[in-house]
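Here are a few worked exercises to try with the model open in your viewer. Have a go at each task before you read the solution.

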Amino acid sequence: MSEMQMPEPEWYVVHTYSGYENKVKANIEKIVENRGMQDQIFEVAVPIHDTVEIKNGQKKNVSRKVYPGYVLIKMFMNDETWYVVRNTRGVTSFVGPGSKPVSLTEDEIANMGIEMPSEVIDIEVGDSVRVTTWPFEDSVAVVKEVNMSKRSVVVSLSVFGRETPVELEFTQIQKLV
């Protein structure tokens, strides 16, 4: 007898009135909390991109919406969740043909940088690792920091006789056993 596979929540996109993205996100999160729908609507996102603008010779950090007029929602699609989201103030429609919402494909999710595949790495601060890529290839280093969100580590390497911190991606190191 085959095991039943639990369905996974999927990412959907809703169109909002321009400038209402953060309000829609806050409204949906409030409804989810008030109605106890945390097991149906998991995440509401308004992806932003931080850039540096220079105006009148002044540098300024600015956050811009990556997809103005859109909000991304990770949820199970059913009559109740559709109704809640669709009737949230500021939401104009789900993205999809006609009135049928279409979830994002894995490729779309990856290209948008919404969700990184979860990765387990067996490296901790203090571990010794071998660097596998040029220019430090075959050097042995000690891990000083592990950053799961950036998928990187900061290691201490001996460069020209001095201990130097170097940031490397998980794919550039190999744990020494």
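**Exercise 1. Is D127 buried or partly exposed, and which lysine does its side chain meet?**

Solution. This is a predicted model, so keep that in mind throughout.

Step 1: start with accessibility. D127 has a relative accessible area of 18%. Buried means under 20%, so D127 counts as buried.

Step 2: look for the partner. The side chain of D127 meets that of K175 in a salt bridge, at 3.6 Å from N to O.

Step 3: place both ends. D127 sits in the loop between helix 3 (106-112) and strand 7 (128-131), while K175 belongs to strand 11 (residues 173-175), so the pair ties together parts that are 48 residues apart in sequence.

Step 4: check the lysine. K175 is partly exposed, with a relative accessible area of 34%.

**Exercise 2. How many salt bridges does a search of the whole structure find?** Work through the ones that involve helix 1.

Solution. Step 1: the count is three.

Step 2: take K65 and E21, whose side chains form a salt bridge at 3.5 Å, N to O. K65 is in strand 4 (residues 58-65) and E21 is in helix 1, so this pair links parts 44 residues apart in sequence.

Step 3: compare how the two ends are covered. E21 is buried at a relative accessible area of 1%, whereas K65 is partly exposed at 32%.

Step 4: now E29 and K25, which meet in a salt bridge at 2.6 Å, N to O. They are four residues apart in helix 1, so about one helical turn separates them. E29 is partly exposed, with a relative accessible area of 35%, and K25 is partly exposed too, at 24%.

**Exercise 3. In what order do the four strands of the open sheet run, and why is one side of strand 2 left without a neighbour?**

Solution. Step 1: read off the order, which is 2-5-1-6, with antiparallel pairing.

Step 2: find the edges. Strand 2 (41-45) and strand 6 (91-94) each have a single partner strand, so one side of each has no neighbour in the sheet.

Step 3: add the geometry. From one strand to the next, the twist averages 30°.

Step 4: zoom in on one pairing. Strand 1 (residues 10-16) and strand 5 (residues 70-75) run antiparallel and are joined by six bridges. For V13, the bridge partner in strand 5 is L72.

**Exercise 4. Which strands does helix 1 lie across, and which does helix 2 touch?**

Solution. Step 1: helix 1 (residues 21-35) lies across strand 1, strand 2, strand 5 and strand 6, running at about 165° to strand 2.

Step 2: helix 2 (residues 79-86) packs on the sheet and touches strand 1, strand 2, strand 5 and strand 6. The direction of helix 2 makes about 145° with that of strand 6.

**Exercise 5. Where is Q40 found, and what is Q40 in contact with beyond its neighbours within four places in sequence?**

Solution. Step 1: Q40 is in the loop between helix 1 and strand 2.

Step 2: the relative accessibility of Q40 is 15%, so Q40 counts as buried.

Step 3: leaving aside those neighbours within four places, the contacts of Q40 are M75, F76, N78, E80 and T81.

Step 4: pick out N78 from that list. Its side chain makes a polar contact with the side chain of Q40, at 3.0 Å.

Definitions and conventions: Residues are numbered from 1 along each chain as its sequence is written. This is a predicted model: local features need pLDDT of at least 70, side-chain atom pairs count only at pLDDT 80 or more; totals for chains, interfaces and linings use all residues. Side-chain values use heavy atoms; hydrogens and water are left out. Two strands pair if DSSP finds at least two bridges between them. Helices (H or I, at least four residues) and strands (E, at least two) are DSSP runs, numbered from the N terminus. Axes are lines fitted to C-alpha atoms, for helices over the stretch in contact, and angles run from 0 to 180 degrees between N-to-C directions. Contact means heavy atoms within 4.5 Å. Buried means under 20% relative accessible area, exposed over 50%, partly exposed in between (1.4 Å probe, protein chains only). A polar contact is a pair of N or O atoms within 3.5 Å; within protein, one must be able to donate a hydrogen and the other to accept it, and residues adjacent in sequence count only if both atoms are side-chain atoms. A salt bridge is a side-chain nitrogen of Lys or Arg within 4 Å of a carboxyl oxygen of Asp or Glu.
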